[in-house]
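The following note is offered to a colleague who is meeting this structure for the first time. Its points are numbered so that each may be checked against the coordinates in turn.

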Amino acid sequence: MSAVTNQQRPAGDVPASDKAPSPTLIPSPNSLPTTLIRTYNIRSIKTDIMVQLFADRIFLTVTQLSGKIGTLLSVSVEDSVIDFSRTYNISTLLGRRDDATLEVMARQVAERIASLGGNKPGMSGGAGAGGGAVCPPILLGVALKKDVAGDAAIFRAIVDLLLQAYREAVAVAANT
């Protein structure tokens, strides 16, 4: 039995999509900002995930505390023009600064979004060898129940669901 169940709820005018979106979809500028809200049960804990795609950034939230955001992190991803290495800059804007797990979550989400390519939500091509930003800055808001802290399976499920919701939001934006 899966630890995750999906309970979708409407988010304004955003239609639900069951098909797996392609990471090369290009959102229309007229579709931004796009908001997608989903509710999941992870081991019987209600978990709300929200994705907002803006022209210049991606805003993601995951909360198990009735819509509250406990910690807000900022992540930027850049490729070096000198040695072609990739750099992830993570900073805690608000909330807990003593929880490295949240920074690891932010990095994993950024790595997976950056791996989709592009310098705008859902666009392919990226900055590549030219250097610079690989994807828009990501703001990640996180509020998890204390009893799930340190649970690797829940951590992986949350990262996977954040990426699933991101892909769905990109597909919605591309079709708008």
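1. The structure under review is a predicted model. A suitable place to begin is strand 4, where six of the six residues are buried, so this strand is largely enclosed by the rest of the structure.

2. The enclosure of strand 4 involves both of its faces. In a regular strand, side chains alternate between the two faces of the sheet. On one side of strand 4 lie I58, L60 and V62, on the other F59, T61 and T63, and all of them are buried.

3. The partner of strand 4 should be considered next. Strand 3 pairs with strand 4 in the antiparallel sense, over six bridges. Together strand 3 and strand 4 form a hairpin, with four residues between them. Within this pairing, I58 of strand 4 is the bridge partner of L53.

4. Which residues touch the most other members of the largest nonpolar core? They are L60 and I113, in a core of 41 residues. The elements that give two or more residues to this core are strand 2 (34-42), strand 3 (45-53), strand 4 (58-63), strand 5 (71-79), helix 1 (100-115), strand 7 (132-143) and helix 2 (152-174). Helix 2 gives the most, with 13 residues. As a general matter, nonpolar side chains tend to be buried together in soluble globular proteins.

5. The surroundings of L60 merit individual inspection. Leaving aside residues up to four places away in sequence, L60 touches M50, V51, V109, I113, I138, L139, L140, G141 and L162. I113, one of these contacts, is the residue named with L60 in the preceding point.

6. Charged pairs form the next topic. Side chains of opposite charge can pair when their charged atoms come close. Nine salt bridges are found in a search of the whole structure. In one of them, the side chains of E168 and R38 meet at 2.5 Å, N to O. This pair links distant parts of the chain, with E168 in helix 2 and R38 in strand 2, 130 residues apart. Both E168 and R38 are buried.

7. Another salt bridge joins D160 and R112, whose closest N and O atoms are 2.7 Å apart. Because D160 lies in helix 2 and R112 in helix 1, the pair ties together parts that are 48 residues apart in sequence. D160 counts as partly exposed because its relative accessibility is 40%. R112, at 31% relative accessibility, also counts as partly exposed. Elsewhere, R96, D98 and D99 are joined into one network by salt bridges that share partners.

8. Is D79, a partner in a further salt bridge, buried or exposed? Its relative accessibility is 10%, so D79 counts as buried, since the cut-off for a buried residue is under 20%. The partner of D79 is R86, and their closest N and O atoms are 2.8 Å apart. At 36% relative accessibility, R86 counts as partly exposed.

9. A final point concerns D83, which lies in the loop between strand 5 and strand 6 (86-94). The D83 side chain makes a polar contact of 3.1 Å with the side chain of S80. A polar contact also joins the side chains of D83 and S85, at 2.8 Å.

Definitions and conventions: Residues numbered from 1 in each chain as written. Predicted model: local features only at pLDDT ≥ 70, side-chain atom pairs only at ≥ 80, totals over all residues. Heavy atoms only, no water. Core = buried A, V, L, I, M, F, W, Y, C linked by side-chain atoms within 4.5 Å. Buried < 20%, exposed > 50% of the residue type's maximum accessible area, 1.4 Å probe, protein only. Contact = heavy atoms within 4.5 Å. Pairing = 2+ DSSP bridges. Salt bridge = Lys/Arg side-chain N within 4 Å of Asp/Glu carboxyl O. Polar contact = N/O pair within 3.5 Å; in protein donor to acceptor, adjacent residues only side chain to side chain.
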